[in-house]
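Colleague: I am new to this structure and would love a close look at a single part of it. Could you pick one helix, walk me through it, and then show me how it fits into the rest?

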Amino acid sequence: MSRLRPELFDAVRELSELPGPTGHEDAVQDWIAARWATFADVQRTGVDNVIATVSGAGRRLLIMGHADEICFMVRSISDDGFVHLGSYFNDVRGYPPRWIMPLNQTALVLTEQGTVPGFFSTVSGHVLTTREGSEKRWEWKDWFIDLGLSSRAEAEALGIFPGCRVIWNPKVQRYGQTRITGKAMDDRAALAIATVAAEELSKRDDLAYEVVIASTVQEENGLIGAQSIADSVEVDLCLNLDVGLVGDIPGPDRQDFPSKLGAGPVVVYQDSSVHYSRKLSDRLLKIGREHDVPMQRAIYQQYGSDGAAMIKRGIESALIAYPTRYTHSPVETVDERDLNWTVDLLVAFATTPV
Ligand SMILES: [Zn+2]
């Protein structure tokens, strides 16, 4: 394969460690706007999407990822200074789904004054007062944030109120040969891929399109930011980047999830919300294979992406997913080779004559 780009890992680490929960993506969009301004014309829209025109001529090709990460909302603060949590999404169950497990992680509360560290807590086995307590499902009120404070007034003095957002907050780590793990591979690895691909494209004079890149807000709560991208910039086709589901761990049935880490980007033909452009997807596969990029293809359930929002606005769109284990957890895990191959694929696509 082509070399592993050190600038790609650096961008993944920097972006993934920034706090950018749904609805409070400012730190991520600030980073994106500043970096993209070094090689492109940047606009920031009313809802805080960032869009940049890179270079080239012809049909407009949009490469897109989302800035937000999943989070928790501050619901209330107790008299003795503990933060009670609510859901960032439309919680039809009324209790936490099995796939969210924040306990014993470091936490970061985002306020208008800055950030406040703490940790996600629950009563320990030693102080549970009922036997049933150790067997029932989790309720939202079983979890809280311990900030090391003693009163609501202390929390409020730090800017913490209902409506603030809370994220889990691990550092990015490399492990094994090529694995990278961190809290927001979804979807900051996509923004890192788009950034590095656009930087490479900005230096070339053989672009087959006019290349535009975008970082959207509020994807995780229903593709909200992406819905107005088409009002801010006219584009002809869209390659959306997001995490890809894999079955290469104990548990999932390989028949349901045939993709795996280290086997290249995944072209997703269909998910819960949309059928992606079949022709554009096929073209991606063909161009990838012509450039020695290993390619996977898949369909997903219980999954959606900003690509659906673009198709609803009349823009031909495909979804390129980089394989990711443990999505929506503090240890989202990707393979550095897949990220590099995804950059290779985007550069090859944007420079292949139409
Ligand atoms: Zn995502």
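Modeller: Happily; what follows starts with one helix and then moves outward to its surroundings.

Please keep in mind that this is a predicted model. Let us begin with helix α2, which spans residues 26–36. Its buried residues are Val 28, Gln 29, Trp 31, Ile 32, Arg 35 and Trp 36. Where around the helix do they sit? They lie on the same side of α2, because the arc they cover around the axis is only 155 degrees. A general rule helps here: an α-helix has 3.6 residues a turn, so residues three or four places apart point the same way. And what does this buried set pack against? The partners are the helices α1 (6–17) and α4 (185–202), together with the strands β1 (41–44), β2 (50–55) and β12 (210–216).

One of those partners, α4, is worth a short stop. Asp 187 has its place in this helix, and the peptide bond leading to Asp 187 from Asp 186 is cis, with omega near 15 degrees.

Now for another pair of helices. Helix α6 (residues 278–290) and helix α8 (residues 336–351) have axes that come within 9 Å and cross at roughly 105 degrees. That angle makes α6 roughly perpendicular to α8. On the α6 side, the meeting residues are Leu 284, Ile 287 and Gly 288; on the α8 side, they are Leu 345, Ala 348 and Phe 349. Sorted by class, this contact has five nonpolar residues, one polar residue and no charged ones.

Stepping back, the domain assignment divides the protein chain into domain 1 (6–69 + 183–351) and domain 2 (72–168). Their centres, taken over C-alpha atoms, are separated by 31 Å. Where the two touch, eleven residues of domain 1 are in contact with ten residues of domain 2. The domain 1 side of that contact has three nonpolar, five polar and three charged residues.

Finally, have a look at two loop residues. Asn 104, in the loop between β5 (83–87) and β6 (106–111), is not a glycine, yet has a positive phi of about 70 degrees. Asn 104 is exposed, with 10 other C-beta atoms within 10 Å. His 328 also has a positive phi, near 60 degrees, and sits in the loop between β16 (316–324) and β17 (332–335). With 16 C-beta neighbours inside 10 Å, His 328 counts as partly exposed.

Definitions and conventions:
Residues numbered from 1 in each chain as written. Predicted model: local features only at pLDDT ≥ 70, side-chain atom pairs only at ≥ 80, totals over all residues. Axes fitted to C-alpha atoms, helices over the stretch in contact; angles between N-to-C directions. Helix = DSSP H or I, 4+ residues; strand = E, 2+ residues; numbered from the N terminus. Parallel < 35°, antiparallel > 145°, perpendicular 65-115°, else oblique. Contact = placed C-beta atoms within 7 Å. Nonpolar A, V, L, I, M, F, W, Y, C, P; charged D, E, K, R; others polar. Domains from an automatic or database assignment. Buried ≥ 20, exposed ≤ 12 C-beta atoms within 10 Å, placed from the backbone. Arc of directions from axis to C-beta.
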